[in-house]
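This report walks through a protein structure for someone meeting it for the first time. Please keep the sequence and the 3D view at hand while reading.

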Amino acid sequence: MRPKVLVARRVFDSVISRLGSHFEVESNPADAVWSPAELTARLQGKQGVFVTGSARIDAALLDACPALKAVCSMSVGYNHIDVAACTARGVLVTNTPDVLTETTADFGFALMMATARRISESEHYLRRGEWKNWAYDQFTGGDVHGATLGLLGMGRIGRAIAKRGALGFGMPVIYHNRSRLDPALEAESGARYVSKAELLAQSDHLLLVLPYSPEAHHAIGAAELALMKRTATLTNIARGGIVDDAALAEALRTHVIAAAGLDVFEGEPTVHPALLKVPNIVLTPHIASASVSTRLAMADLAADNLIAALTGTAPPTAVNPQVLAGLSSR
Ligand code: 8YV
């Protein structure tokens, strides 16, 4: 009998049909967002699941789905999955690194530029019909070229953004990360390591590119925002919850910093109402990896992982490869 898998959100037809040549597939063509209870019910008797960042996989779900062997996420981040609980139960977890790095870096840079140059705010003004005249100080923002680019987090996406800033825009680049890059990678990125306090104080444009973890919760709150330049911008393409959104809205309202660009939110898709009220912000609905070719590459990689995991070969990008040894015997 062929293994049974669940595809928890709507994805490319080509990916569903590829999975269909290996597995009995239950998919979600209506793209309903299933509750934990419904997801658990649909996972009964399934050996594998293809998820996105919107499905929470925790110990309770795993205990209620004993047939599950592989959780394959179409995302690089995996904070929606309790990896320790999966590992403890011998469930393989995979993600989709690398294929989205450059696309996400492009978007991070674009969101930072839109924020610095007040693109959303000025477009809304124009659409409201308020543009009557040119004025010398109309929507003047901060320069990007030559300004200091700060990165909190320095993984693959951070390094790709650093290169754009250093090589393309002549920006001095500083970063802070849990661990300092080795000298070769640091030189390649054109970035200088600083303390978090120095990063906050010196950045003209600060981008957040660190993974979410309990330690990273509210890494940027009122106290951190107060350390930033009044002319600085903050861009978050990492995860909701890294920024205290209520504190950020207040800092924008009172001009503690100049502007912010957010692609991710605490409790998304709900957005803190105070963020919707401030003009000096660019808001996008978690689309940093959303180019057609990258989303296809992510879905294909998640499918490759699922096929490998359930057909006894090593998945290309396992998060907890240590469970592989035990999988074939389950
Ligand atoms: C995805 C992301 O759009 O890969 C990630 O971690 O945040 C985004 O690229 C999202 O998580 C879909 O699964």
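## A buried threonine

Threonine 115 is found in helix α5, which covers residues 101–116. The model described here is a predicted one. Threonine 115 counts as buried, because its relative accessibility is 3% and the cut-off for burial is under 20%. A polar atom of its side chain lies 2.6 Å from the backbone oxygen of leucine 111. Once the neighbours within four places in sequence are left aside, threonine 115 is in contact with Thr233, Thr235, Ala259, Ala260, Gly261 and Val282.

## The parallel sheet

Seven strands form an open sheet, and they follow one another in the order β8-β7-β6-β9-β10-β11-β12 with parallel pairing. The edges of this sheet are β8 (191–193) and β12 (281–283), each of which pairs on one side only. On average, neighbouring strands of the sheet are turned by 20° against each other, with direction ignored.

At one end of that order, strand β7 (residues 173–176) pairs with β8 in the parallel sense over three bridges, and valine 173 stands opposite alanine 191 in β8. Helix α7 (residues 156–169) packs on the sheet, where it touches β6 (149–152), β7 and β9 (205–208). The direction of helix α7 makes about 175° with that of β6.

## Two nonpolar cores

In soluble globular proteins, nonpolar side chains tend to be buried together. The largest nonpolar core of this model holds 47 residues, of which Leu19, Phe50, Leu149, Leu151, Ile161 and Leu306 touch the most other members. Two or more residues of this core come from each of β1 (4–7), α1 (13–20), β4 (70–73), α5, β6, α7, β7 and α13 (292–310). The largest share, eight residues, is given by α13.

Leucine 149 shows what such a position touches: with residues up to four places away in sequence not counted, the list runs to Phe109, Met112, Ile161, Ala162, Gly165, Met171, Pro172, Val173, Ile174, His205 and Leu207. Apart from this core lies another, of 30 residues, with Ala216, Leu225, Ala247 and Ala260 among them.

Alanine 247, one of the residues of that other core, is found in helix α11 (residues 245–253). Alanine 247 has a relative accessible area of 14% and is therefore buried. Its contacts, leaving aside neighbours within four places in sequence, are Gly221, Ala222 and Leu225. Alanine 247 and leucine 225 are 22 residues apart in sequence, while their C-alpha atoms are 8.3 Å apart in space.

## Cysteines without a bond

How many disulfides does the model contain? The count comes to zero. Cysteine 65 is in no disulfide, and the nearest cysteine sulfur, which belongs to cysteine 86, is 11 Å away. For cysteine 86, in turn, the closest cysteine sulfur is that of cysteine 72 at 10 Å, and this is too far for a bond because a disulfide requires sulfur atoms within 2.5 Å. Cysteine 65 counts as buried at 3% relative accessibility, and cysteine 86 counts as buried at 0%.

## Loop residues and backbone details

Several loop positions deserve a separate look. Aspartate 98 is found in the loop between β5 (92–94) and α5, and histidine 286 is found in the loop between β12 and α13. Neither aspartate 98 nor histidine 286 is a glycine, although each has a positive phi, as the table sets out.

| Residue | Phi | Relative accessibility |
|---|---|---|
| Aspartate 98 | about 70° | 46%, partly exposed |
| Histidine 286 | about 50° | 32%, partly exposed |

Another backbone detail concerns proline 269, which lies in the loop between β11 (259–262) and α12 (273–277). The peptide bond that leads from glutamate 268 to proline 269 is cis, with omega near 15°.

Is glycine 129, in the loop between α6 (119–127) and β6, buried or partly exposed? Glycine 129 is partly exposed, because its relative accessible area is 37%. Glycine 129 and valine 93 are 36 residues apart in sequence, and the distance between them in space is 51 Å, C-alpha to C-alpha.

How values were computed. Residues are numbered from 1 along each chain as its sequence is written. This is a predicted model: local features need pLDDT of at least 70, side-chain atom pairs count only at pLDDT 80 or more; totals for chains, interfaces and linings use all residues. Side-chain values use heavy atoms; hydrogens and water are left out. Two strands pair if DSSP finds at least two bridges between them. Helices (H or I, at least four residues) and strands (E, at least two) are DSSP runs, numbered from the N terminus. Axes are lines fitted to C-alpha atoms, for helices over the stretch in contact, and angles run from 0 to 180 degrees between N-to-C directions. Contact means heavy atoms within 4.5 Å. Buried means under 20% relative accessible area, exposed over 50%, partly exposed in between (1.4 Å probe, protein chains only). A polar contact is a pair of N or O atoms within 3.5 Å; within protein, one must be able to donate a hydrogen and the other to accept it, and residues adjacent in sequence count only if both atoms are side-chain atoms. A nonpolar core is a set of buried Ala, Val, Leu, Ile, Met, Phe, Trp, Tyr and Cys residues joined through side-chain atoms within 4.5 Å.
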